[in-house]
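Here are my notes on this model, as promised. I've put them as numbered points so you can reply to each in turn.

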Amino acid sequence: MQRPVCILALLWAVASASEVTPVQKVVAMMEKMVAKGQSEKDAEEAQFTAYVKFCENTTVEKGRRINEGEESIEHLTAEIEKAAAETDELQQEIAELQSLIDSTTAELENATAVRKEEHEDYTKALKDYDDTLAAMAKALTLVTSSSTDRAQVALLQLSEAVNKSKAKITPSEASQYLDNFLRGVDVPAESKPSASLLSEPVVVSEPEALGYEHHSGGIIGLLNELTTQFKKERNTLKMEELKKKNTFLTLAAGLKQDIDDASDDKSRKESRRGVLLEEKATNEGDLEETKTVLAADTKYKKDLEMDWKKQAADFAARQKLRAEELVAVKKAIELISGESVAGSAEKHLPKLLQVDTALALLTAKQLRASPVQKLAQFLQQEAQRLESKQLAALAMKVTANPIDKVKTMMQDMIANIQKKLDEEGTQKAWCDEELSKNKATRSDLSDEAEGLEGKVDKLEASIQALKADLSALSDSLTETKQAMANATELRTQEKEENTATIADAKAAQGAVEQALKVLQDFYEKAGKATALAQVGSAQPIPEALEAGPYKGMGAESGGVIGLVEVIQSDFARLEAETTSAENTAASEYESFMEDSKLDVTSKEKDVEYKTVHKESAERKLSSKEQELASVEKELAAATTTYETLKPQCADAHPTFEERKAERDAEIKSLEAALEGLRSAR
């Protein structure tokens, strides 16, 4: 009991010097304790209220995110299963389309081979007709230009063969007789060449005999008849070839269209399947990520609720203890401030102080030199050196408590500091882990965003190029179709002019032929005219006419008929040349139109292909832009998380290392003080 009395005496002495009694000083100290306790109680309550608010908001938010995660998992699972089923179905359809393409391609190749064989047969047959007709033209020239008995046997054999043949004679059969005729009868049989002489020049010999003249009319008629027959057969052959060609082109175009349609359908399905596979892979990645986030949110919510429950129990206990402490201190103030304590102190303690002044001063001096006082001084110095509020508070409490309680307080403080150090270490490890994960996530998302931006740029460039190609193809198609229209217009006009010219030439030839017949008939008749004998006359008649019968104008008539024949040949040549020009122009027009149609078809297919390709690229661009937006959204979320972590983890001041060094120094100071206190006892 001596130490408290001494302290009270010392306080009394100090209070007397400042005209404040020790009781008043003690009451004032306890009132400060009440104010401080109430303030700390209110601050603790406000802190816990904020904590509760945080827990409520966080659990609601986590609950919402958990519900959304579960719904997202259900949706993603359904989308993945749907995409898997659709891709399997598309794969089967693609295989069926490929089989159709292969079978149709084989059918087209077979038809092409058959068409090639038909065209080769046509070319061979056409050559036979052309060669035979050329030989007949040469034979006609020889027969009409010469009276020579030239290979009469061969032509008679040809005539007999035609008369005896029940079926029409073929060009190859006729060529055999014509070859013999064109070789000539003067060539011995054993020296005749084996090759056909249809292409050799015709040599007209001098007239030898007139034995064959009575057969020439029949032979010419036969040759003309065969020429007409073979021309008709050649025209029929050409028409059949044209029909076969058109039939083949129609069939080939249909098969190619089927192949193109199947290929386009296959490409669309392959494109759709690729898009579905990409979406499926994206959804699978999102599903795994959603499951991970859901598990983390569920665990965090559960841990927070457990911590909330524990903190609530601790808060209730602490608030109860603080309230009881305030009640006790207030009760002490009430008791000390009462008449029984304060009044007695004013009445008796000053006398006691005067009597025992020396003892009080001596006791105070001894107190200042005690181990507890030294400990308090040491703690105060360390508090100033380390700027530690906890050591300063402990230094004030040391002198007012027994040594054992001081030891307990110091040991508790060491334990508390160590606990805080461990908690901060745990917090530091958590911060390091979260910051590392966040940094890796932001880096991965940034790389993914850059990759997607590159793909988006590439797709945009491809789309622009396709648009330019489509514009150029459209212009080219317009030009080609305009050229076809112009060619058709010119061809129609040219055909009309040629048709009129040919008609005029034929009409002129008919008129000239009639005129020529009239003249020839006249001059033939004039050539048979005779002169009448003059009747005697009394007076001589002067010579008014030439002697002899009148036979026409002689040379003049021959010149007129010659000129008429020249005119007739000119009109015949005009007809032939115009007909040839018309046939050539028609053939060139058909060739141009066919080539132009093929060019238009090719370009239209190219337009269709590039349009499909552009639309596919646009769909991919839309998909990549959506992916990029999603990645950028995730990156923004990761950045927001980083900004949330940064104040408590990256920008904390003082840093964890500085706080650890301070707490280690406090622990060392307390351990040194505790060791000194043990040594002093």
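Which helix holds both Asp265 and Arg268, and how many residues apart are they? I'll start there and work outwards.

1. Both residues sit in helix α5, three residues apart, which is about one turn of the helix. Asp265 and Arg268 form a salt bridge, with the closest N and O atoms 3.9 Å apart. Bear in mind throughout that this is a predicted model. Salt bridges here are counted within 4 Å, and the Asp265–Arg268 pair comes in at 3.9 Å. Asp265 is partly exposed at 24% relative accessibility, and Arg268 is partly exposed too, at 41%.

2. A quick word on the overall fold. The secondary structure comes to twelve helices and zero strands, so along the sequence the pattern reads α-α-α-α-α-α-α-α-α-α-α-α. The protein has 681 residues, and 28% of them count as buried.

3. On to the other salt bridges, of which the structure holds 28 in total. In general, side chains of opposite charge can pair when their charged atoms come close. Glu61 and Arg64 are one such pair, with their closest N and O atoms 2.3 Å apart. They both lie in helix α2, three residues apart, or about one turn of the helix. Glu61 counts as partly exposed at 33% relative accessibility, and Arg64 counts as partly exposed at 37%. Glu68 comes into the picture as well: Glu61, Arg64 and Glu68 are linked in a network of salt bridges.

4. Do have a look at Asp297 and Lys62. Their side chains meet in a salt bridge, at 3.1 Å from N to O. This pair links distant parts of the chain, with Asp297 in helix α5, Lys62 in helix α2, and the two positions 235 residues apart. Are the two partners buried or exposed? Asp297 counts as buried because its relative accessibility is 5%, under the 20% cut-off. Lys62 is buried as well, with a relative accessible area of 14%.

5. Now the nonpolar packing. The largest nonpolar core has 17 residues, and the members touching the most other members are Met136, Leu178, Leu223, Leu226, Phe230 and Leu237. Three elements give two or more residues to this core: α2 (22–145), α4 (171–183) and α5 (213–337). Of these, α2 gives the most, with nine residues. Apart from this core lies another one, of nine residues, with Leu97, Ala111, Phe248 and Ala252 among them.

6. Ala135 is worth a click while you're looking at α2. This residue lies in helix α2 and is buried, with a relative accessible area of 0%. How far apart are the C-alpha atoms of Ala135 and Leu178? They are separated by 6.6 Å, although the two residues are 43 apart along the chain. Leu178 is also one of the residues that touch the most other members of the largest nonpolar core.

7. Next, the charged surface. A negative patch is formed by Asp444, Asp447, Glu448, Glu450, Glu453, Asp457, Glu460, Glu625 and Glu632. Which helix gives the most to it? That would be α10, with seven residues. Both α10 (403–527) and α11 (555–650) supply at least two residues each.

8. From the α11 side of the patch, take Glu632. This residue lies in helix α11 and is partly exposed, with a relative accessible area of 39%. Patch members need over 30% relative accessible area, so Glu632 at 39% clears that bar.

9. One last spot in helix α11 is Ser630, which counts as partly exposed at 35% relative accessibility. Its C-alpha atom is separated by 10.0 Å from the C-alpha of Leu445, and the two residues are 185 apart along the chain.

10. If you only check a few things on screen, I'd pick these. Look at the Asp297–Lys62 salt bridge, which links helix α5 with helix α2. Then find the largest nonpolar core, to which α2 gives nine residues. Finish at the negative patch, to which α10 gives seven residues.

Note on methods: Residues numbered from 1 in each chain as written. Predicted model: local features only at pLDDT ≥ 70, side-chain atom pairs only at ≥ 80, totals over all residues. Heavy atoms only, no water. Patch = residues over 30% accessible without salt bridge, like charges linked within 9 Å, V, L, I, M, F, W, Y side chains within 5 Å. Areas by Shrake-Rupley, 256 points an atom, 1.4 Å probe, with all protein chains shown as cover. Lys, Arg positive; Asp, Glu negative; His and termini not counted. Charge placed at Lys NZ, Arg CZ, Asp CG, Glu CD. Helix = DSSP H or I, 4+ residues; strand = E, 2+ residues; numbered from the N terminus. Buried < 20%, exposed > 50% of the residue type's maximum accessible area, 1.4 Å probe, protein only. Core = buried A, V, L, I, M, F, W, Y, C linked by side-chain atoms within 4.5 Å.
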